[in-house]
Amino acid sequence: MSKRFKSCAALAAALLLAATGADAAADVAHIVWKDLRPATQAIAEDANLPMIAAKLPDHGETLSLNLQDKTIQLAGYALPVDRDGDLVYQFLLVPWTGACSHMPTPPPNQIVLVTPAHPYKMKQAYDPVAVTGVLRPGMEKSQLFILDGISIVQSGYTVRKAEVTSVGSVPDTVTLPVNSPWNFLNKKKN
């Protein structure tokens with residue numbers, strides 16, 4: 001009888017753990033970049049160029065507070081801030097390739113400062129990734145080391161202890177227009 005009780009208890013614990021995990025996965029809000037800006041703010045496609053902070057009346061500092069402290073998943077491009085070789089300890093998640101280093105910086109409400117739960121092995125800057133974790137609005141400044149010097153980038157959101165996974169593409173990415181001097185940054189599909 002004792003073995004049978006232990007087996008039933010182990011099965012019940014496993015089912016409870018599986019159910020809890022399923023509930024946690026169901027509580028993840030899959031968001032896109034437009035969810036991080038006020039509904040009244042123009043989107044990048046409206047201007048035929050990626051949105052930059054200097055073009056906005058509030059400089060992109062108006063944040064979306066309705067996602068505060070929610071577990072989210074957002075896909076974007078990773079730009080390393082703190083790295084050692086191919087291990088990245090902190091990065092900026094941005095909505096298009098070239099943002100912050102090769103072209104003007106997006107507004108803060110379109111930049112997320114991400115600290116992975118475990119160092120993320122990055123193949124190259126602007127790897128497309130999905131980040132899952134608790135979103136916290138709040139301005140933070142990061143030093144970004146680029147070829148022509150140091151740039152200070154202000155992000156509007158942070159996700160700490162994030163789970164980071166590589167993705168094939170970013171669903172709502174901005175594709176730079178053909179006449180843009182930065183159109184070489186458009187990621188090619190494999």
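This is a short walk through one protein chain, from its overall layout to a few single residues.

First, the ground rules. The model is predicted, so local features need pLDDT of at least 70 and side-chain atom pairs count only at pLDDT 80 or more, while totals for chains, interfaces and linings use all residues. Residues are numbered from 1 along each chain as its sequence is written, and side-chain values use heavy atoms, with hydrogens and water left out.

Let's start with the layout. The chain has one helix and seven strands. In sequence order the pattern is α-β-β-β-β-β-β-β. Helices here are DSSP runs of H or I with at least four residues, strands are runs of E with at least two, and both are numbered from the N terminus.

Now burial. There are 190 residues in the chain, and 40% of them are buried. Buried means under 20% relative accessible area, exposed means over 50%, and partly exposed is in between, with a 1.4 Å probe and protein chains only. The exposed area of the chain is about 10900 Å², with 58% supplied by carbon and sulfur atoms. Those areas come from the Shrake-Rupley method with a 1.4 Å probe, and for residues only the protein chains shown count as cover.

Next, contacts, meaning heavy atoms within 4.5 Å. Take the contacts with a separation of 6 or more. Of these, 72% are between residues 24 or more positions apart.

What sits in the core? The largest nonpolar core has 37 residues. Such a core is a set of buried Ala, Val, Leu, Ile, Met, Phe, Trp, Tyr and Cys residues, joined through side-chain atoms within 4.5 Å. L36, F91, L92, L93, C100, V112 and V131 have the most contacts inside this core. At least two core residues come from each of β2 (71-84), β3 (87-94), β4 (112-116), β6 (127-146) and β7 (149-166). β2 gives the largest share, seven residues.

Look at L93 up close. Set aside its neighbours within four places in sequence. L93 then touches, among others, W33, L74, Y77, V112, V114, V129 and V131.

On to the surface. F145, I150 and I152 make a nonpolar patch of about 330 Å². I150 belongs to strand β7. Patch residues have over 30% relative accessible area and no salt bridge; like charges are joined within 9 Å, and nonpolar side chains (Val, Leu, Ile, Met, Phe, Trp, Tyr) within 5 Å.

How many salt bridges are there? The count is three. The rule is a side-chain nitrogen of Lys or Arg within 4 Å of a carboxyl oxygen of Asp or Glu. The general idea is that side chains of opposite charge can pair when their charged atoms come close.

One bridge joins R136 and D69, with the closest N and O atoms 2.9 Å apart. R136 is in strand β6 and D69 is in the loop between β1 (29-30) and β2, 67 residues apart. R136 is partly exposed at 42%, and D69 is partly exposed at 43%.

Another joins K121 and D86, at 3.7 Å from N to O. K121 is in strand β5 (residues 120-121), while D86 is in the loop between β2 and β3. K121 is exposed, at 58%. D86 is partly exposed, at 34%.

Then there is E140 with R160, where the closest N and O atoms are 2.7 Å apart. This pair links strand β6 to strand β7, 20 residues apart.

Now two asparagines. Is N109 buried or exposed? N109 is buried, with a relative accessible area of 0%. Its place is the loop between β3 and β4. A polar atom of the N109 side chain lies 2.9 Å from the backbone oxygen of T62.

N66 is exposed, at 56%. N66 is in the loop between β1 and β2. N66 and L36 are 30 residues apart in sequence, and their C-alpha atoms are 9.2 Å apart in space.

Last, the backbone. Most residues other than glycine have a negative phi. Y126 is not a glycine, yet has a positive phi of about 70°. Y126 is in the loop between β5 and β6, and is buried at 7%. K161 also has a positive phi, near 55°. K161 lies in strand β7 and is exposed at 70%.

Methods. A polar contact is a pair of N or O atoms within 3.5 Å; within protein, one must be able to donate a hydrogen and the other to accept it, and residues adjacent in sequence count only if both atoms are side-chain atoms.
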